[in-house]
Amino acid sequence: MKVHVTDLKPGDRLLTDTFNSVGLHILPGGTVVQRDEISLLIRHRVGHVSIQAGGLLLQGEESGHGLDIEFDEVIMNYEATFLEALSQGCFTPDLVDATLQPLLETLDKQKDVVSLLLLLDREDIDTYQHSLQVGLLSYYIATWLGHSKEECYRISRAGYLHDIGKSQVSLSILNNPGLLSPAEVTELRRHTNYGYDIIRGSMKDEAAALVALQHHEYEDGSGYPAGLGKSELHPYTEIVTVADIYMKLTTSRLSRPKQGLVSVLRQVHEWGFGRLNGNVVQALTGHLLPGFVGKTVQLSNGETGTIVMNNALDIFKPLIKVNEGYRDLSRERTLTVEEVLV
């Protein structure tokens with residue numbers, strides 16, 4: 001039978017060979033998948049696979065969802081928080097802390113942030129999943145900037161809650177796949193004010209409330225709702241805004257096709273010269289780019305290869321091993337890395 005890769009369970013056996021969208025062979029038929037194999041399939045963005053009916057649960061393996069169970073539980077708990085805010089105008093902060101703190105303690109040991117982002121990269125990202133993505137990336141950025149453990153958690157929590165104000169926006173607007181009318185855009189933008197009020201009414205964390213209010217403001221004053229400038233933004237906001245923009249750009253929308261992690265990083269890097277906080281952007285690029293070494297990538301000419309070395313003078317032009325040869329993107333200027341596959 002055919003199932004989506006996120007519905008695979010440890011012990012499921014593949015019936016046929018599995019290939020990704022560019023024809024790269026991923027796993028042979030007959031493979032009994034475990035967590036590593038499921039993670040590999042999702043990182044290659046394989047959609048559906050054929051498995052043996054009934055599965056083949058191995059001794060010692062737990063039944064249930066086979067992929068990033070912790071992430072799924074956090075997303076479900078965020079949904080509960082979101083719905084509580086929807087119905088009551090406030091939420092239970094203890095549920096947020098009980099959900100987020102254990103996950104961050106686990107992820108403290110996860111140094112390969114690129115693989116983590118690929119693992120979180122799912123189709124049809126909704127507000128719940130996006131909020132988890134932003135919370136986790138905000139945590140890593142705060143760590144890279146040298147914030148204390150306590151501050152890193154508070155920044156992550158602010159990122160996790162930054163869109164809670166959308167609970168007060170009509171579902172017809174949130175779920176509209178097309179272009180919004182001017183009135184609908186105005187209403188959607190009010191989620192920043194709604195979020196500030198909800199957090200202020202739920203917990204004693206003024207910084208998190210300000211992040212919800214300010215996360216669409218930019219240093220050049222071009223953001224909303226107040227058109228604030230650099231000196232008026234809370235430092236936590238500047239971290240969460242970078243994480244929010246980075247994760248949004250990696251998600252497909254009606255008006256914009258999905259972009260690869262490297263392409264998005266290049267765009268965020270450019271925005272670090274005036275629109276976004278340069279130090280925050282440098283922390284993101286400086287720590288993510290080394291994580292691409294050893295990853296399989298697709299080039300703009302359709303070739304696939306492996307990044308073997310970054311170029312210190314031109315950070316987005318690495319050396320790529322393609323089959324038995326090499327592509328030096330610092331010399332072949334028309335070539336770019338379009339997508340990270342593994």
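**Notebook: Lys317 and other sites**

I started at Lys317, whose side chain reaches the backbone oxygen of Arg333 at 2.9 Å. The model is a predicted one, and I read the entries below with that in mind.

**Entry 1: Lys317.** I placed Lys317 in the loop between β6 (304-309) and β7 (319-322). I then looked for a partner of opposite charge. Lys317 is buried but has no salt bridge. The nearest candidate side chain, that of Asp314, is 6.2 Å away; a salt bridge would need the nitrogen and the carboxyl oxygen within 4 Å. I also listed the contacts of Lys317, leaving aside neighbours within four places in sequence: Asn311, Leu329, Ser330, Glu332, Arg333, Leu335 and Thr336. Arg333, which supplies the backbone oxygen, is thus also on the contact list.

**Entry 2: whole chain.** I noted 13 helices and nine strands in the protein chain. The chain has 342 residues, and 50% of them count as buried. The exposed area is about 15700 Å², with 51% of it supplied by carbon and sulfur atoms. For contacts between residues at least 6 apart in sequence, I recorded that 62% join residues at least 24 apart.

**Entry 3: salt bridges.** My search of the whole structure gave 11 salt bridges. I looked up three pairs.

Arg157 pairs with Asp97, the closest N and O atoms being 3.0 Å apart. Arg157 is in helix α6 (residues 149-160) and Asp97 in helix α3 (residues 93-107), so this pair links distant parts of the chain, 60 residues apart. Arg157 counts as buried because its relative accessibility is 11%. Asp97 is buried as well, at 19%, just inside the cut-off of under 20%. I followed the charges further and found Asp97, Arg154, Arg157 and Asp205 linked in a network of salt bridges.

Lys248 and Asp244 form a salt bridge at 3.5 Å, N to O. They are four residues apart in helix α11, so about one helical turn separates them. Both Lys248 and Asp244 are buried.

Arg327 and Glu303 also meet in a salt bridge, at 3.0 Å from N to O. Arg327 lies in strand β8 and Glu303 in the loop between β5 (296-299) and β6, so the pair ties together parts 24 residues apart in sequence. Arg327 counts as partly exposed at 23% relative accessibility, and Glu303 does so at 24%.

**Entry 4: Met203.** I found Met203 in the loop between α9 (191-202) and α10 (206-214). Its relative accessibility is 11%, so Met203 counts as buried. With sequence neighbours within four places left aside, Met203 is in contact with Phe91, Pro93, Arg157 and Leu161. Phe91 is 112 residues from Met203 along the chain, with 8.5 Å between the C-alpha atoms. Arg157 on this list is the residue that I had already paired with Asp97.

**Entry 5: surface patch.** I looked at a nonpolar patch on the surface formed by Val308, Met309 and Tyr326, with about 310 Å² of accessible area together. Val308 belongs to strand β6. At 34% relative accessibility Val308 counts as partly exposed.

**Entry 6: backbone geometry.** I checked two backbone sites. A cis peptide bond joins Tyr224 and Pro225, with omega about 15°. Pro225 is in the loop between α10 and α11 (235-249). Asn323 has a positive phi, near 55°, although it is a residue other than glycine. I placed Asn323 in the loop between β7 and β8 (325-328). Asn323 counts as exposed because its relative accessibility is 65%.

Key
Residues numbered from 1 in each chain as written. Predicted model: local features only at pLDDT ≥ 70, side-chain atom pairs only at ≥ 80, totals over all residues. Heavy atoms only, no water. Helix = DSSP H or I, 4+ residues; strand = E, 2+ residues; numbered from the N terminus. Buried < 20%, exposed > 50% of the residue type's maximum accessible area, 1.4 Å probe, protein only. Contact = heavy atoms within 4.5 Å. Areas by Shrake-Rupley, 256 points an atom, 1.4 Å probe, with all protein chains shown as cover. Lys, Arg positive; Asp, Glu negative; His and termini not counted. Polar contact = N/O pair within 3.5 Å; in protein donor to acceptor, adjacent residues only side chain to side chain. Patch = residues over 30% accessible without salt bridge, like charges linked within 9 Å, V, L, I, M, F, W, Y side chains within 5 Å.
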